[in-house]
Amino acid sequence: MAKESMKARERKRRRMVEKYAAKREELKAAGDFVALQKSAQNSSVRIYNRCNLSGKAQRIHASVWYFQNQFCGNGSSGLIPGIRKASW
């Protein structure tokens, strides 16, 4: 399990990216790279893919944002729509 502070930091980064996305696009289109560098660091691409349940940052299934073990466990028990254990 990741610490709650790591999860909170990631949520804060995502909010900053959403907040400054339009401004960053304007600066890129205008070619003002000096102002782009002076903008907040967390407003660009410092986002990590983290599990929604445990907060782990490795082996994430992007379709549901779950860690591999969470994905397999919840998929086998039928908690994720459209996912079920393979049997043939």
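Student: Hi! What volume does the largest pocket have?
Tutor: Hi! The largest pocket has a volume of about 160 Å³. Keep in mind that this is a predicted model.

Student: How do people find empty space like that, in general?
Tutor: A probe the size of a water molecule is rolled over the atoms, and that shows where empty space is left.

Student: Nice. Which residues line the largest pocket?
Tutor: The lining is made up of Lys-7, Glu-10, Arg-11, Arg-14, Arg-50, Cys-51, Asn-52 and Gly-55.

Student: And how many of the lining residues are nonpolar, polar or charged?
Tutor: By class, there are five charged residues, two polar ones and one nonpolar one in the lining of the largest pocket.

Student: Let's talk about charges, then. How many salt bridges are there?
Tutor: The count comes to two salt bridges. As a general idea, side chains of opposite charge can pair when their charged atoms come close.

Student: Lys-7 was in the pocket lining. Which side chain does Lys-7 meet in a salt bridge?
Tutor: Lys-7 meets the side chain of Glu-4, at 3.2 Å from N to O. Both belong to helix α1, which covers residues 4-30, and because they are three residues apart there, about one helical turn separates them.

Student: Are those two buried or exposed?
Tutor: One of each! Lys-7 is buried, with a relative accessible area of 16%, whereas Glu-4 is exposed, at 54%.

Student: What about the salt bridge of Glu-10?
Tutor: Glu-10 pairs with Arg-13, and their side chains meet at 3.7 Å, N to O. Glu-10 and Arg-13 are also in helix α1, three residues apart, or about one turn of the helix. Both Glu-10 and Arg-13 are buried.

Student: New topic: how many disulfides are there?
Tutor: The count is zero disulfides.

Student: Why is Cys-51 not bonded to Cys-72?
Tutor: The sulfur of Cys-51 is 12 Å from the one in Cys-72, its closest cysteine sulfur, and that is too far for a bond. For a disulfide, the two sulfur atoms have to be within 2.5 Å. Cys-72 is likewise in no disulfide.

Student: How accessible are those two cysteines?
Tutor: Cys-51 counts as buried, at 5% relative accessibility. Cys-72 is partly exposed, with a relative accessible area of 43%.

Student: Last one: where is Lys-56?
Tutor: Lys-56 sits in the loop between α2 (33-38) and β1 (60-61). Lys-56 is partly exposed, at a relative accessible area of 29%.

Student: How far is Lys-56 from Ala-29?
Tutor: In sequence, Lys-56 and Ala-29 are 27 residues apart, and in space they are 35 Å apart, C-alpha to C-alpha.

Terms used: Residues are numbered from 1 along each chain as its sequence is written. This is a predicted model: local features need pLDDT of at least 70, side-chain atom pairs count only at pLDDT 80 or more; totals for chains, interfaces and linings use all residues. Side-chain values use heavy atoms; hydrogens and water are left out. Buried means under 20% relative accessible area, exposed over 50%, partly exposed in between (1.4 Å probe, protein chains only). Helices (H or I, at least four residues) and strands (E, at least two) are DSSP runs, numbered from the N terminus. On a 1 Å grid over the protein atoms alone, a cavity is a set of points where a 1.4 Å probe fits but cannot get out, and a pocket is an open set with protein on both sides within 12 Å along at least five of seven lines; lining residues have an atom within 4 Å of a point. Grid points are joined across faces, edges and corners, and a volume is the space filled by probe spheres set on the points. Ala, Val, Leu, Ile, Met, Phe, Trp, Tyr, Cys and Pro count as nonpolar, Asp, Glu, Lys and Arg as charged, and the others, Gly among them, as polar. A salt bridge is a side-chain nitrogen of Lys or Arg within 4 Å of a carboxyl oxygen of Asp or Glu.
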